[in-house]
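This briefing summarises the architecture, helix packing, salt bridges and backbone geometry of one protein model. Please read it alongside the sequence and the coordinates.

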Amino acid sequence: MKKIRIFISVLAVAALTFTSCKDWLDINTDPENPTLDAAQYQMELAHCQFYTNDAVQFAAWRTGMAMGDWTRNYNGGNYWHVSYWNPVIGQVTTSYQWFFVGAGATLKDMYKKAMAAENWHYAGVAKVLYAYGFMLMTDLYGEMPYTEGLGVSATPAYDTGKTIYLGCFADIDEAIELLGRTVDPSLPSLAVGDTWNNGDVSKWLKLAYLFKARWANKLNKKAAGSYLDGKYDTATILACLDKAMQSNDDNTIVNHTDDNGATHDNLGWDEPVDYSPLYSVCGMNSGYMVTKMLYDNLTNFDGLGVEDPRADHIIPWARSVKSATTPAEIKWNANETWRRSLGVDMASDINKNGGPIRASYGKADGVAHSGNWFWINSDNADRLGDTVYVEATSESKGYAAKPDLLYRRGGTGVDKSAESGSFYSRVSAPSYVGTYMEACFIKAEVLFNQGDKSGAFTAYKNGIKAAIDLMNDKLKVWVSEDASLAACPSFTPMEQADIDNFLANGIGTAADLTLGRILTQKRLALQFSVEVWNDMRRYDFNPEYFLGWSIPAYHDVSAAAQKAIPAGKFYRRWRQCSHEFNYNKDQLVAIGLQVPGADNSAENWNTKVDAWTIPVWWDSDQQ
């Protein structure tokens with residue numbers, strides 16, 4: 001397995017460039033026979049940033065589909081199955097491959113060369129990304145080759161989750177120390193290769209401290225003590241947050257662009273390196289719909305009766321014509337030319353009854369009417385109302401050569417069939433790597449659990465405001481790039497009066513603050529983040545803390561879902577991908593003896609159909 005990883009990674013190092021800003025890796029003396037030895041460390045960084053971010057974002061989408069905010073049309077492939085808790089092995093490979101193959105070996109090489117050159121900042125950033133990637137691996141899979149994971153062995157030994165976790169803490173502490181050093185000004189500046197923070201070392205330090213706080217906070221099931229021993233260390237969490245982001249100006253954000261340059265990935269997808277990974281897995285694809293849980297949390301948070309100004313930008317819209325039969329609960333824009341989606345109720349029997357079905361656009365055969373409309377091609381009377389669900393599909397001008405960012409269900413040029421897509425999954429939507437809003441929500445949680453409701457509410461409110469401001473900043477960019485988009489409510493920037501009203505009346509007060517409000521607002525802000533799944537695991541999927549959530553009803557009537565996640569258990573990990581089954585089976589079997597809850601009576605504990613329910617190390621009280 002290791003030989004495959006290194007080989008593909010070396011090929012990737014040879015080819016990748018970043019056409020929208022700069023050439024990433026013009027590094028090889030012989031482009032026909034590339035080697036890592038020929039790569040300059042400063043030119044390896046952007047390559048590693050791209051693959052690490054994609055690994056994280058792909059995992060965020062796939063885990064997010066299982067956490068209740070999004071679903072897909074009935075029988076709509078792997079991600080529809082995941083949305084009702086029927087996980088499938090086909091979902092687990094890409095993030096593993098894109099980190100290990102795309103970034104891992106190159107990060108190790110980059111660190112070694114930067115250390116030898118005494119360019120401490122590149123070495124520090126390499127350690128940040130290395131820890132970020134391996135923490136993702138243990139979040140997803142629990143156990144993984146870490147100590148030998150990028151070594152010389154073709155069959156590296158697995159490490160326990162605790163070993164990986166403490167190793168990532170050691171890596172991030174080393175990164176902080178290295179980033180704090182002074183670098184000889186004659187050496188390549190970090191700005192040469194850094195596509196995330198443009199060489200701003202202070203932002204990298206803040207990101208490292210946020211990661212450290214995030215990871216330490218995941219240990220809330222452990223006994224109190226030092227994070228260095230794998231204990232829950234609130235003092236360290238709060239101290240790290242003091243050194244992390246203090247405003248949106250400190251954020252680490254990947255600002256994707258709507259380009260289709262010559263630089264594409266090298267791992268088989270052949271897609272541009274410029275655009276959003278979430279556009280790749282959601283925005284350009286069909287059938288993704290918001291759930292009633294997400295809809296309710298955005299339109300009437302915790303029953304407080306004030307709509308979140310972000311609702312119009314996350315919930316998709318369709319251009320449409322209002323009629324006498326239009327459901328009264330559907331929201332329209334002022335001139336009734338756009339309608340907003342309703343949410344799919346995953347607690348209902350909609351999946352059992354074959355829905356939701358994707359809407360078609362055009363003339364329905366056998367129906368006498370003038371013009372075209374959205375309609376459902378089904379003989380099932382229960383499904384005819386599924387037109388109320390608008391998909392999150394969007395378009396692009398640069399990549400797909402379409403007129404604008406609107407998807408047209410009836411085809412290019414059929415403007416009356418336009419759909420807006422959703423904020424986070426558009427082609428040029430930003431990737432939020434580390435943000436002030438997340439720092440605020442972590443602080444709010446810790447302070448609340450310590451009994452400081454006043455301090456917790458201040459952090460909670462600051463986090464919500466930061467999330468709204470970040471979204472508004474991007475909305476303003478989109479309408480400045482294409483003024484015609486402002487006619488669609490999904491793109492129209494939020495009004496300050498609406499923001500102020502929501503913050504004053506729609507989020508509660510310090511007196512009635514709950515952990516459920518904190519964690520639910522956090523998931524709205526970090527919409528597509530593995531941290532949503534991490535939080536739900538940390539608090540054992542308690543619906544008091546994740547407002548409106550329940551295990552989807554269809555899970556209880558699907559035999560396959562019941563086998564994968566039996567009644568009374570929860571979705572707690574990914575099974576290992578087939579590469580490890582095929583190439584490193586003996587080591588995978590061996591680590592099972594150290595995994596509480598693993599069924600080692602079988603030939604391979606990780607191939608058991610319900611292995612998805614075994615807690616990873618940090619998601620347990622195992623010390």
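Helices (H or I, at least four residues) and strands (E, at least two) are DSSP runs, numbered from the N terminus. The model is predicted. In these terms, the protein has 19 helices and 10 strands.

**Overall architecture**

- The radius of gyration of the protein is 24 Å, which agrees with the value near 25 Å for a compact globule of 623 residues.
- Along the principal axes, the C-alpha trace spans about 75 × 50 × 50 Å.
- Of the 623 residues, 60% are buried.
- Of the contacts between residues at least 6 apart in sequence, 72% join residues at least 24 apart.

**Packing of helix 8 with helix 12**

- Helix 8 covers residues 234–243 and helix 12 covers residues 436–449; the two pack at an angle of about 150°, and their axes are 10 Å apart.
- The crossing of helix 8 and helix 12 is left-handed.
- Helix 8 contributes Thr234, Ile237, Leu238 and Leu241 to the contact, while helix 12 contributes Ala439, Ile442, Lys443, Val446 and Leu447.
- Sorted by class, this contact of helix 8 with helix 12 comprises seven nonpolar residues, one polar residue and one charged residue.

**Surroundings of glutamine 42**

- Glutamine 42 is located in helix 2, which spans residues 41–64.
- Is glutamine 42 buried or exposed? Its relative accessibility is 12%, so glutamine 42 counts as buried, the cut-off for buried being under 20%.
- Leaving aside residues up to four places away in sequence, glutamine 42 touches Tyr122, Pro188, Val192 and Gly193.

**Salt bridges**

- Side chains of opposite charge can pair when their charged atoms come close.
- The count for this model is 33 salt bridges.
- One of these joins the side chains of glutamate 174 and lysine 127, with an N to O distance of 3.6 Å.
- This pair links distant parts of the chain, 47 residues apart: glutamate 174 belongs to helix 6 (residues 161–179) and lysine 127 to helix 5 (residues 120–141).
- Glutamate 174 has a relative accessible area of 24% and is therefore partly exposed, whereas lysine 127, at 13% relative accessibility, counts as buried.
- Lysine 331 and aspartate 312 form a salt bridge in which the closest N and O atoms are 3.1 Å apart.
- Why does this pair tie together parts that are 19 residues apart in sequence? Lysine 331 sits in the loop between strand 4 (317–319) and strand 5 (338–340), and aspartate 312 sits in helix 11 (residues 311–314), so the salt bridge connects those two parts.
- With a relative accessible area of 28%, lysine 331 is partly exposed; aspartate 312 counts as buried at 16% relative accessibility.
- In the salt bridge between aspartate 512 and arginine 517, the closest N and O atoms are 2.9 Å apart.
- Aspartate 512 is partly exposed, its relative accessible area being 34%, while arginine 517 counts as buried at 7% relative accessibility.
- Lys221, Asp540, Arg572 and Asp619 are joined into one network by salt bridges that share partners.

**Backbone geometry**

- Glycine 355 and proline 356 are joined by a cis peptide bond, with omega about 0°.
- Proline 356 of this bond lies in the loop between strand 5 and strand 6 (360–362).
- Although asparagine 198 is not a glycine, its phi is positive, at about 50°.
- Asparagine 198 is placed in the loop between helix 6 and helix 7 (201–217).
- A relative accessible area of 60% means that asparagine 198 is exposed, the cut-off for exposed being over 50%.
- Aspartate 302, which is not a glycine, has a positive phi of about 50°.
- The loop between helix 10 (292–299) and helix 11 holds aspartate 302.
- At a relative accessible area of 36%, aspartate 302 is partly exposed.

Methods:
Residues numbered from 1 in each chain as written. Predicted model: local features only at pLDDT ≥ 70, side-chain atom pairs only at ≥ 80, totals over all residues. Heavy atoms only, no water. Buried < 20%, exposed > 50% of the residue type's maximum accessible area, 1.4 Å probe, protein only. Contact = heavy atoms within 4.5 Å. Axes fitted to C-alpha atoms, helices over the stretch in contact; angles between N-to-C directions. Left-handed = near helix turned anticlockwise from the far one by under 90°. Nonpolar A, V, L, I, M, F, W, Y, C, P; charged D, E, K, R; others polar. Salt bridge = Lys/Arg side-chain N within 4 Å of Asp/Glu carboxyl O. Rg over C-alpha atoms; globule rule 2.2 N^0.38 Å.
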